[in-house]
Amino acid sequence: MTQTPTKIIAILTAHLGKAPELRALLISMAPLCRAEPGNLRWDVWCDRAHGERYILDELYLDAAAVEAHRMTPHYQAYLGKIPELAERTAWVLETVAIG
């Protein structure tokens, strides 16, 4: 059985006055998420044109690794804080075979 990598892209736009708190939360998540066994990449990007907008760029070994990520205490705590800090949109993506 082959593993299919799973990518997650999340866009978070901070509520008025909440950008510093959102940024701190995202930065604090990085070492925890990167340490997860199925995590291949976990980066935070800030939109140059809109400093209140952050992009999470995540890559996992497979769908099982994503599910394990979602069960972690740090992810559950993050989900509890996000509604007060930002609007969030996320996409879960799979690779497209080329050739």
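Partly exposed here means a relative accessible area between the buried cut-off, under 20%, and the exposed one, over 50%. Keep that in mind for the close-ups below, which all come from a predicted model.

**View A. Arg53 and Asp47 pair up in a salt bridge.** The N to O distance between these two side chains is 2.8 Å. Asp47 has a relative accessible area of 22%, so it counts as partly exposed. Arg53 comes in at 26% and is partly exposed too. This pair belongs to a structure that holds six salt bridges.

**View B. Asp43 and Arg41 meet in a salt bridge.** Here the N to O distance is 2.5 Å. The two partners sit in unlike surroundings: Asp43 is buried, at 13% relative accessibility, whereas Arg41 is partly exposed, at 43%. Zoom out a little and Arg34 joins in, with Arg34, Arg41 and Asp43 linked in a network of salt bridges.

**View C. Glu21 and Lys18 form a salt bridge.** The side chains meet at 3.7 Å, N to O. Glu21 has a relative accessibility of 40%, which makes it partly exposed. Lys18, with a relative accessible area of 29%, is partly exposed as well.

**View D. Glu58 is a buried acid without a salt bridge.** You'll find Glu58 in strand 3, which runs over residues 53–60. So where is the nearest side chain of opposite charge? That is Arg88, 6.0 Å away, and a salt bridge has to be within 4 Å, so this pair doesn't make the cut. What the Glu58 side chain does have is a polar contact with the side chain of Tyr60, at 2.6 Å. Leaving aside residues up to four places away in sequence, Glu58 also touches Thr6, Lys7, Ile8, Arg41, Trp42 and His69.

**View E. Leu56 is buried in strand 3.** Its relative accessible area is 1%. Asp43, the acid from View B, turns up again here: Leu56 and Asp43 are 13 residues apart along the chain, yet their C-alpha atoms are separated by 5.8 Å. Not counting residues up to four places away in sequence, Leu56 touches Ile8, Ile9, Ala10, Leu12, Leu26, Trp42, Asp43, Val44 and Tyr78.

**View F. Tyr75 and Tyr78 make an aromatic pair in helix 3.** A search of the whole structure turns up one aromatic pair. In that pair, the rings of Tyr75 and Tyr78 are 5.7 Å apart, centre to centre, with 35° between the planes, which counts as tilted. Why does the helix suit this pairing? The two tyrosines are three residues apart in helix 3, so about one helical turn separates them. In an α-helix there are 3.6 residues a turn, so residues three or four places apart point the same way. Both Tyr75 and Tyr78 are buried.

**View G. Helix 3 has a set of buried residues, with several elements covering them.** The helix covers residues 73–85. Its buried residues are His74, Tyr75, Tyr78, Ile82 and Leu85. Among the elements that cover them are strand 1 (6–14), helix 1 (19–34), strand 3, helix 2 (63–71) and strand 4 (86–94). As for the length of helix 3, its 13 residues should span 18 Å at 1.5 Å a residue, and the end C-alpha atoms are 19 Å apart, so the two values agree.

Notes: Residues numbered from 1 in each chain as written. Predicted model: local features only at pLDDT ≥ 70, side-chain atom pairs only at ≥ 80, totals over all residues. Heavy atoms only, no water. Helix = DSSP H or I, 4+ residues; strand = E, 2+ residues; numbered from the N terminus. Buried < 20%, exposed > 50% of the residue type's maximum accessible area, 1.4 Å probe, protein only. Lys, Arg positive; Asp, Glu negative; His and termini not counted. Polar contact = N/O pair within 3.5 Å; in protein donor to acceptor, adjacent residues only side chain to side chain. Contact = heavy atoms within 4.5 Å. Phe/Tyr/Trp six-rings, centres within 6.5 Å; stacked < 30°, edge-to-face > 60°. Expected span 1.5 Å × (residues − 1).
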